[in-house]
Amino acid sequence: MGSLKNYYKRWLLTRQSAHHKMIKVNYVKEYCEILDPYVELKDMHWEDHKCKYRYTGGYANFHLMRMSKGLYVDNFPKLGQYKEAEPDESVLNHFKQIGNDRYGQDEGIFKPDRPYNLFCLQMSRTKDYDNTVKALQWATKNKQYTVFRAHPCPGDATFYGPLWGHFMKLGLLSEYTVFVEGCRSKEMVEYADRIISSDSAVSFKGAIMGKPVIQMRDYNMMNDIIPAIPDLEGCLNVKPISEEQFTQWLTWFYHCICHDFHGTGYAEKLIRKLKFYEAGHTDEDLHSWKYLKNLGHI
């Protein structure tokens, strides 16, 4: 299978058509170089969900890399672990000052001409396709003007342009549904009344900006604090997450989930976490605020 430190080349090869993903390769390269002396590629693989350790780019911010045995990479149970954390306002302020975009962004600046809901398009395959159809029907039925934003990394699985013609033939489009591509997320989120998606990481950016956030699938990084409404009924009544709750969640998220490759000591923290796993600590242990604090990891 080759060495872990050279895996980034394979990662890059499969993303050649997605520039906004390719520009993140240095984080994958550095991550693999840090852990290469301690673990083999067969035991720590990006795509292989059955390997010993799992890792991926950070939620909403790619440089906040995640590593586990599956928890909060492949599996997202509602454990309420964030409730143990000691809220730290400096963490909230930190996130308010950074981009909170997982991938690179297009350069277009969205200029709305009316109030709107923002629906963030994701995969064009079945799981997200079905939710997109539901959202189109909801917008028309409830006369809710909704902007459907294209994924910033269009590829075979996220390319919604051709599908819009298909939706038109199915009679799913109306004066309340509009497709927008080529615009960065900042203004689209800032001007929106609410953020809706299957489970897009743009939800994180919306929450940071104080927007009501709704996801249609109850299986995502923020499911402890964001409501899942599969049919979108009643979503207009959803309020923004309170700053107190969000600060506590962010504090836990930053210290217990993330490895900040823009921070200090991230390599040592990553190696230390791997050694905790090798010593027999469990996934749930190593994502618990109290447990990590007792280990001196926080």
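Which residue is the bridge partner of T146 in β5? In the predicted model described here, that position is held by T177. Strand β5 comprises residues 177-180 and runs parallel to β4, to which four bridges join it. On β3, the residue that stands opposite T146 is N117. Strand β3 (residues 117-120) also pairs with β4 in the parallel sense, again over four bridges. The path from β3 to β4 leads through helix α5 (residues 126-141), and the resulting β-α-β crossover is right-handed. Within β4 (residues 146-149), the side chains alternate: T146 and F148 point one way, whereas V147 and R149 point the other way. All four of these residues, R149 included, are buried.

Helix α5 contributes W138 to this region. With a relative accessible area of 5%, W138 falls under the 20% limit and is therefore classed as buried. Beyond its neighbours within four places in sequence, W138 is in contact with N117 and T146, and also with Q144, I196, D231, L232, E233, C235 and L236. The contacts of W138 thus include N117 and T146, the two residues that stand opposite each other in β3 and β4. One of the other contacts, D231, is 93 residues from W138 in sequence, yet the two C-alpha atoms are 8.0 Å apart in space. The side chain of W138 also reaches the backbone oxygen of L232, at 3.5 Å.

The loop between α5 and β4 contains K143. This residue is not a glycine, but its phi is positive, at about 55 degrees. Most residues other than glycine have a negative phi. A second non-glycine residue with a positive phi is Y72, at about 65 degrees, located in the loop between β2 and α4. The two residues fall into opposite accessibility classes: K143 counts as exposed because its relative accessibility is 58%, over the 50% limit, whereas Y72 counts as buried because its relative accessibility is 2%, under the 20% limit.

The largest nonpolar core contains 76 residues, among which W249, W252 and F253 touch the most other members. Helix α9 supplies the largest share of this core, namely eight residues. A second core, separate from the first, has 23 residues, including A135, W138, L163 and C235. W138 and C235, both members of this second core, are also in contact with each other.

Helix α9 (residues 243-257) is mostly covered, with 11 of its 15 residues buried. The end C-alpha atoms of α9 are 20 Å apart, which agrees with the 21 Å that 15 residues should span at 1.5 Å a residue. The buried set consists of F246, T247, Q248, W249, L250, T251, W252, F253, Y254, C256 and I257. It therefore includes polar residues such as T247 and Q248 as well as the three residues W249, W252 and F253. The buried residues of α9 pack against β2, α4 (89-96), α8 (202-208), β8, α10 and α11 (289-294). For W249, the contacts beyond four places in sequence are Y82, F204, M221, M222, D224 and I225.

Helix α10 (residues 266-278) has 13 residues and reaches 19 Å from its first C-alpha to its last, close to the expected 18 Å. Its buried residues are Y266, K269, L270, I271, K273, L274, F276 and Y277. An α-helix has 3.6 residues a turn, so residues three or four places apart point the same way. The elements against which the buried residues of α10 pack are α3 (25-35), β2 (64-68), α9 and β8 (259-260). After α10 comes G280, with a positive phi near 105 degrees.

Strand β8 contains H259, which is buried because its relative accessible area, 2%, lies under the 20% limit. Apart from its neighbours within four places in sequence, H259 is in contact with H63, L64, M65, R66, M67, K269, L270 and K273. Three of these contacts, K269, L270 and K273, are among the buried residues of α10.

Conventions: Residues are numbered from 1 along each chain as its sequence is written. This is a predicted model: local features need pLDDT of at least 70, side-chain atom pairs count only at pLDDT 80 or more; totals for chains, interfaces and linings use all residues. Side-chain values use heavy atoms; hydrogens and water are left out. The expected span of a helix is 1.5 Å times one less than its number of residues. Buried means under 20% relative accessible area, exposed over 50%, partly exposed in between (1.4 Å probe, protein chains only). Contact means heavy atoms within 4.5 Å. A nonpolar core is a set of buried Ala, Val, Leu, Ile, Met, Phe, Trp, Tyr and Cys residues joined through side-chain atoms within 4.5 Å. Two strands pair if DSSP finds at least two bridges between them. A crossover is right-handed if, with the strands pointing away from the viewer, the path from the first strand over the helix to the second runs clockwise. A polar contact is a pair of N or O atoms within 3.5 Å; within protein, one must be able to donate a hydrogen and the other to accept it, and residues adjacent in sequence count only if both atoms are side-chain atoms.
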